[in-house]
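Welcome! Here is a short tour of a few residues and the company they keep. Take a look at the sequence and the model before reading on.

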Amino acid sequence: MNELWKNDEQLFALFRQELSTAVVGEVLDQIGLSAQFLPIGIRPLDPRMVLVGRAMPVLFADCYETFSPSGLNPVFAKPFGLMLEALDDLRPREVFVATGGRNELAMWSELMTVRAMQLGAAGAVVDGCVRDTAALARLAFPIFSRGAFAQDQRTRGKVVDFRVSVQIGHVRIRPGDLVFGDHEGVCIVPQGAEGDVVEAALQRVQKRAEARRELEAGATAVEVFSRHNMI
């Protein structure tokens, strides 16, 4: 913890009010975490959305029928696998982060959003599509996805586990990692590093403000970037 925040709620407020994914990404690069952004295709449902919370990773797998009672894995005998159990397990300020299997299906919906909001969740990030977008827009719950597509997951994908490590693109996401998203992308801050990252990011915001003032006053880019150690 830090004198600027005492708990996750205050820490997340700092991210929402003071920081951007661009600045946090610069800091992550500086400390050697250079592959923390999710793929460029994962975007907010509304560009005004800002998402901050702790990751609750959810693992999907492909399936090819609604029920598979003859298989050895009992999860495949359930229409959505463990999707409903994963949804009900969300905790306050957590982010439902889903990946695995094919992504050309709806991995998030209106009813899932209503349940997540009742549980106090912070948002959802799915490495796939969402449906019911008119209703989702009215609910104003932070959702990041690859786009809108009505095709249901029922006969195509099942949740096979949750609260396990997953990977989206080149980014490993573990339970409890910090998820930060805005209109320019989603980055993952490993749990335990968020204190150092936010302190450095707040300092960088101040440097950028000073650099802008100096550039507007006529200083050269070489001078400004060197003076503020921004190279």
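## Arginine 204 and its neighbours

Let us start with arginine 204 in this predicted model. Setting aside residues within four places in sequence, arginine 204 is in contact with Val23, Glu26, Val27, Gln30 and Met230. One of these neighbours shows how the chain brings remote positions together: valine 23 is 181 residues away along the chain, yet the C-alpha atoms of arginine 204 and valine 23 are separated by 7.2 Å.

Arginine 204 belongs to helix α6, which covers residues 194-216. Is this arginine 204 buried or exposed? Its relative accessible area is 9%, and because buried means under 20%, arginine 204 counts as buried.

## Serine 145 in a strand

Next comes serine 145, found in strand β7 (residues 143-145). With a relative accessibility of 6%, serine 145 is buried too. Leaving out residues up to four places away in sequence, serine 145 touches Gly41, Ile42, Arg43, Val126, Gly128 and Val130.

The side chain of serine 145 also has a partner nearby in sequence: it reaches the backbone nitrogen of glycine 147 at 3.1 Å.

## Salt bridges

How many salt bridges does a search of the whole structure find? The search finds 15. One of them joins the side chains of aspartate 127 and arginine 146, with N and O at 2.5 Å. This pair links distant parts of the chain, 19 residues apart: aspartate 127 sits in the loop between β5 (123-126) and β6 (129-130), and arginine 146 in the loop between β7 and β8 (157-162). Aspartate 127 is buried, at 11% relative accessible area, whereas arginine 146 is partly exposed, at 34%.

Helix α6 appears again in another pair. Glutamate 214 forms a salt bridge with arginine 227, and their closest N and O atoms are 2.6 Å apart. Here glutamate 214 in helix α6 is linked to arginine 227 in helix α7 (residues 221-227), 13 residues apart along the chain. Glutamate 214 is partly exposed, at 22% relative accessibility.

## An exposed arginine and a network

Arginine 48 offers a contrast to the buried residues above: its relative accessible area is 71%, so it counts as exposed. Its side chain meets that of aspartate 46 in a salt bridge, N to O at 2.7 Å. Aspartate 46 is partly exposed, at 21% relative accessibility.

Finally, salt bridges can also join up into a group: Asp8, Arg54 and Glu194 are linked in a network of them.

Conventions
Residues are numbered from 1 along each chain as its sequence is written. This is a predicted model: local features need pLDDT of at least 70, side-chain atom pairs count only at pLDDT 80 or more; totals for chains, interfaces and linings use all residues. Side-chain values use heavy atoms; hydrogens and water are left out. Helices (H or I, at least four residues) and strands (E, at least two) are DSSP runs, numbered from the N terminus. Buried means under 20% relative accessible area, exposed over 50%, partly exposed in between (1.4 Å probe, protein chains only). Contact means heavy atoms within 4.5 Å. A polar contact is a pair of N or O atoms within 3.5 Å; within protein, one must be able to donate a hydrogen and the other to accept it, and residues adjacent in sequence count only if both atoms are side-chain atoms. A salt bridge is a side-chain nitrogen of Lys or Arg within 4 Å of a carboxyl oxygen of Asp or Glu.
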